[in-house]
Amino acid sequence: MKAVNRILKSINTIPAFPATGNKVSQLLNRIDYSVSEVTNVIRFDPSITANLLKMANSAYFSPQHKISTINDAVIYLGQKNLLLAIQTAGISKYYKKGSSGYFDKATDLWEHSVAVALMSQILSRKITGEENTTLYTAALLHDVGKIIMGEFVRDEMQKITMLVEEQHMSFLEAEELVLGINHADLGGKIAEHWNFPVEIRDAISYHHRPDLLEKEDKIMPWIVYMADEACLMMGIGSGVEGLAQRAVSELLKKFNLRMRDLEMSMVLLSDDLKRAREVISIV
Amino acid sequence: MGDLIVGISDLKISNNDNDVIVTYALGSCIGISVFDPVAKVGGMLHYMLPESSLDEKKARENPAMFADTGIPLLFKSCYQLGADKKRMIVRAAGGASILDDTNFFRIGQKNIMAMRKIFWKNNVMITSEDTGANHNRTVRLQIATGKTYVRTAGGEMKEL
């Protein structure tokens, strides 16, 4: 069987995405939700419950008192942070095994994903004036394709690196040429398998080439792209890919940003990452 | 025998023969390794951005974040262990960029320029460097020998 077919077939082996995040988000969107309704949804998901308590007690949310029940966590975190925490806790388990073809350490892909998610919020505040939990989820999942692609990339590493070094291809282009699919497109298909909305799927599929998505008004793929590139430049989880990435030069003009803004976002991310150490360690 | 790990926007110095100073995953950031072979003092800086004027408050809290505050601090810290500017051997690695030269993400190039300007102004020669291109690098400085090694992601370790 061709590599691309084997890769696509592997999607079906990925366990279904926990419905907890979506259920909670639907509840929170109602004006009349009650804390006990939210608590009831969460406590039937033991892995999320454990991670949620760890996260609520982490320096990132820095509670005054120890939070020991889901009820306290729901009240303390509040609507927006609760969603972020639940999505993070739910997604983390898919990253446990890491992605050996791309990275030396299993935690590298997760650390990179959390960093890009935090960076997406820094950029979103700068560009739109507010944070965005859908964008956060998309950013956290942008490299989810690497979970499957890892072993295939490892087997063809020599060919891929040769194309990158000698033909000056981006790593993504080389993946596609050698394996018939790249990790961004594959990630979009995994998100589809998990029934994520189309804007999250697009943000994942186009996170290396937002200029190819012909929906001009969609800014999510652009912000994920920018957050990803900034983290790669900072050396956070860039693995074998390094900086063999295409520059999409209309980016800064599109959002009326200057170099300085990008540099400042790196400074802000350094602080966020220090506070997010426990979040990274939940994997 | 310990590895002293230099994080992003961080620096470490040592005069202990058993130490190896190492920094991982330099992307656009630059790692500067200095060594005084007489005093047997070495140090390494991993800075992220070229100029402290971007955020002066941050630069005071963490001078190692920027080239223009981090490099002087690296030298001064080594002097405190008895190093002498005239004897310092300076090596640099990092400053990678993403593909396509005409892009807006010139942080790697800016980091290289900033370093050269600072050393030139201070009459310090860079003995060797492995900068630019588009791959990540890991740098090691062995205090016992003063040798600096650089490894590209997925590649071999070589002496810088």
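This note goes through the domains, the nonpolar cores and some salt bridges of a predicted model.

1. Chain A is a good place to begin, and its domain assignment gives domain 1, which covers residues 16-95, and domain 2, which covers residues 96-283. The centres of domain 1 of chain A and domain 2 of chain A, taken over C-alpha atoms, are separated by 25 Å.

2. The contact between these domains can be described from both sides, since 19 residues of domain 1 of chain A are in contact with 26 residues of domain 2 of chain A. Between them, domain 1 of chain A and domain 2 of chain A bury about 2200 Å², and 69% of this area is on carbon and sulfur atoms. On the side of domain 1 of chain A that touches domain 2 of chain A, α4 (46-56) and α5 (70-92) of chain A each supply at least two residues. Of the elements on that side, α5(A) gives the most, with eight residues.

3. A student may wish to know how many salt bridges and polar contacts were counted between the two domains. Between domain 1 of chain A and domain 2 of chain A the count of salt bridges is zero, while three residue pairs, both members at pLDDT 80 or more, are in polar contact.

4. The nonpolar residues deserve a point of their own. In soluble globular proteins, nonpolar side chains tend to be buried together. In this model the largest nonpolar core has 125 residues, and those with the most contacts inside it are A:I42, A:L82, A:M119, A:W194, A:M266 and A:L269. Both domain 1 (16-95) and domain 2 (96-283) of chain A give residues to this core, so the core lies between them. Apart from this core lies another, of 23 residues, and among its members are B:L11, B:A67, B:L74 and B:F75.

5. One residue of the largest core can be followed further, namely A:M119. When its neighbours within four places in sequence are left aside, A:M119 is in contact with A:A227, A:A230, A:C231, A:S265, A:M266 and A:L269.

6. Over all chains the count comes to 21 salt bridges, and one of them joins the side chains of A:R275 and A:D272, with N and O at 2.9 Å. Both residues lie in helix α15 (residues 259-275) of chain A, where A:R275 and A:D272 are three residues apart, about one turn of the helix. Are these partners buried or partly exposed? A:D272 has a relative accessible area of 9% and is therefore buried, whereas A:R275, at 37% relative accessibility, counts as partly exposed.

7. In chain B, a salt bridge links B:K12 with B:D10, and their closest N and O atoms are 3.5 Å apart. B:K12 counts as partly exposed because its relative accessibility is 27%, and B:D10 counts as partly exposed because its relative accessibility is 22%.

8. Another salt bridge of chain B is formed by B:E61 and B:K58, whose closest N and O atoms are 3.1 Å apart. Helix α1 (residues 56-61) of chain B holds both B:E61 and B:K58, three residues apart, which is about one turn of the helix. With a relative accessible area of 7%, B:K58 is buried. Which residues belong to the network that salt bridges with shared partners form here? The network joins A:D271, B:K57, B:K58 and B:E61.

Note on methods. Residues are numbered from 1 along each chain as its sequence is written. Chains are lettered from A and ligands numbered from 1 in the order in which they are written. This is a predicted model: local features need pLDDT of at least 70, side-chain atom pairs count only at pLDDT 80 or more; totals for chains, interfaces and linings use all residues. Side-chain values use heavy atoms; hydrogens and water are left out. A salt bridge is a side-chain nitrogen of Lys or Arg within 4 Å of a carboxyl oxygen of Asp or Glu. Helices (H or I, at least four residues) and strands (E, at least two) are DSSP runs, numbered from the N terminus. Buried means under 20% relative accessible area, exposed over 50%, partly exposed in between (1.4 Å probe, protein chains only). A nonpolar core is a set of buried Ala, Val, Leu, Ile, Met, Phe, Trp, Tyr and Cys residues joined through side-chain atoms within 4.5 Å. Domain bounds come from an automatic or database domain assignment. Contact means heavy atoms within 4.5 Å. Buried area is the accessible area (1.4 Å probe) that two parts lose on being put together, summed over both. A polar contact is a pair of N or O atoms within 3.5 Å; within protein, one must be able to donate a hydrogen and the other to accept it, and residues adjacent in sequence count only if both atoms are side-chain atoms.
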